[in-house]
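Hi,

Here's the structure I promised to pass on. Have a look when you get a minute, and my notes are underneath.

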Amino acid sequence: MSPILQPFVLRSTLTSPFGRKVRMAAQVLGLSDRIILMPADTLDEADTLREHNPLGKIPCLLLADGSVLYDSRVIIEFMQELVGGETLVPARGLARYQVLTRAALADGITDAALLLVYEKRFRDPGTYSERWLAHQRGKITRALAAFENNPPDAGKTDLVAIALSCALGYLDWRRPVEWRGPHPRLAAWFAEFAAREPAFENTRADAS
Ligand SMILES: N[C@@H](CCC(=O)N[C@@H](CS)C(=O)NCC(=O)O)C(=O)O
């Protein structure tokens with residue numbers, strides 16, 4: 001069977017911001033109905049997730065031939081190649097690497113936000129490292145400032161918009177930093193993007 005006709009299993013939770021990136025990208029590329037979501041528990045040693053991805057991270061994509069793809073960036077590149085075109089990422093040239101770099105910056109916000117959340121999940125109160133928390137907050141603050149100075153085009157749904165909207169959605173949910181006040185242009189971009197792009201609303205954890 002051609003890979004385009006095969007179903008894919010996505011190991012993820014509905015609340016994972018990186019899983020949401022993949023779910024949004026799949027919708028935008030018209031691949032949602034090919035994807036079967038199989039929840040994974042990253043804390044459960046018995047979960048087959050660690051066989052699929054030794055890092056024990058979500059999302060990962062299981063293909064019909066037994067291959068496993070991770071991480072979210074690789075899965076999205078795979079899906080883009082499957083459908084063809086360059087909806088999410090330009091195929092080549094400097095423009096491609098500029099989009100990938102901006103998307104990496106957006107992912108870095110999510111990575112740092114997750115580390116802030118994990119610090120409190122894995123350590124007992126009183127043992128949190130304020131220095132480590134400030135180090136991660138600094139990454140978020142600097143990356144948000146860069147996007148505030150140069151927000152994406154609200155009319156465009158590319159990899160940058162997907163990664164950034166998932167990062168901001170995660171900040172809104174977990175609130176590791178207060179981002180809206182100091183970043184009005186970014187907040188305006190986010191509001192406009194969320195209102196315009198159905199894949200954003202459709203991939204909320206509580207979307208029906
Ligand atoms: N670079 C990875 C990051 C994935 C990631 O950090 N996923 C989180 C959940 S959103 C996770 O699996 N955390 C569990 C862990 O780190 O053990 C990607 O883009 O997919």
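Below is what I found, starting with the ligand and then moving on to the backbone.

Keep in mind that this is a predicted model.

The ligand first: 13 residues surround it, and S16, T42, K57, D71 and S72 are the closest. Helices α1 (17–28), α3 (72–83) and α4 (93–122) are the elements that each put two or more residues into that shell. As for chemistry, the shell is a mix of five nonpolar, four polar and four charged residues.

D71 deserves a second look. Besides being among the closest residues to the ligand, D71 is joined to Y70 by a cis peptide bond, with omega about 5 degrees. D71 sits in the loop between β4 (68–69) and α3.

There's another cis peptide bond between I58 and P59, where omega is also about 5 degrees. P59 lies in the loop that runs between α2 (49–52) and β3 (60–62).

Then there's α6, residues 159–174. This helix has 16 residues and spans 22 Å from first C-alpha to last, close to the 22 Å expected at 1.5 Å a residue. α6 is mostly covered, too, with 13 of its 16 residues buried.

Right after α6 comes R175, with a positive phi near 50 degrees, and that in a residue other than glycine. R175 belongs to the loop between α6 and α7 (184–196). Buried or exposed, you may ask of R175? R175 counts as exposed, because just 12 other C-beta atoms lie within 10 Å and the cut-off for exposed is 12 or fewer.

Cheers

Note on methods
Residues are numbered from 1 along each chain as its sequence is written. This is a predicted model: local features need pLDDT of at least 70, side-chain atom pairs count only at pLDDT 80 or more; totals for chains, interfaces and linings use all residues. A residue is near a molecule or strand if its C-beta atom, placed from the backbone, lies within 6 Å of it. Helices (H or I, at least four residues) and strands (E, at least two) are DSSP runs, numbered from the N terminus. Ala, Val, Leu, Ile, Met, Phe, Trp, Tyr, Cys and Pro count as nonpolar, Asp, Glu, Lys and Arg as charged, and the others, Gly among them, as polar. The expected span of a helix is 1.5 Å times one less than its number of residues. A residue is buried if 20 or more other C-beta atoms lie within 10 Å of its own, exposed if 12 or fewer, and partly exposed in between; C-beta atoms are placed from the backbone.
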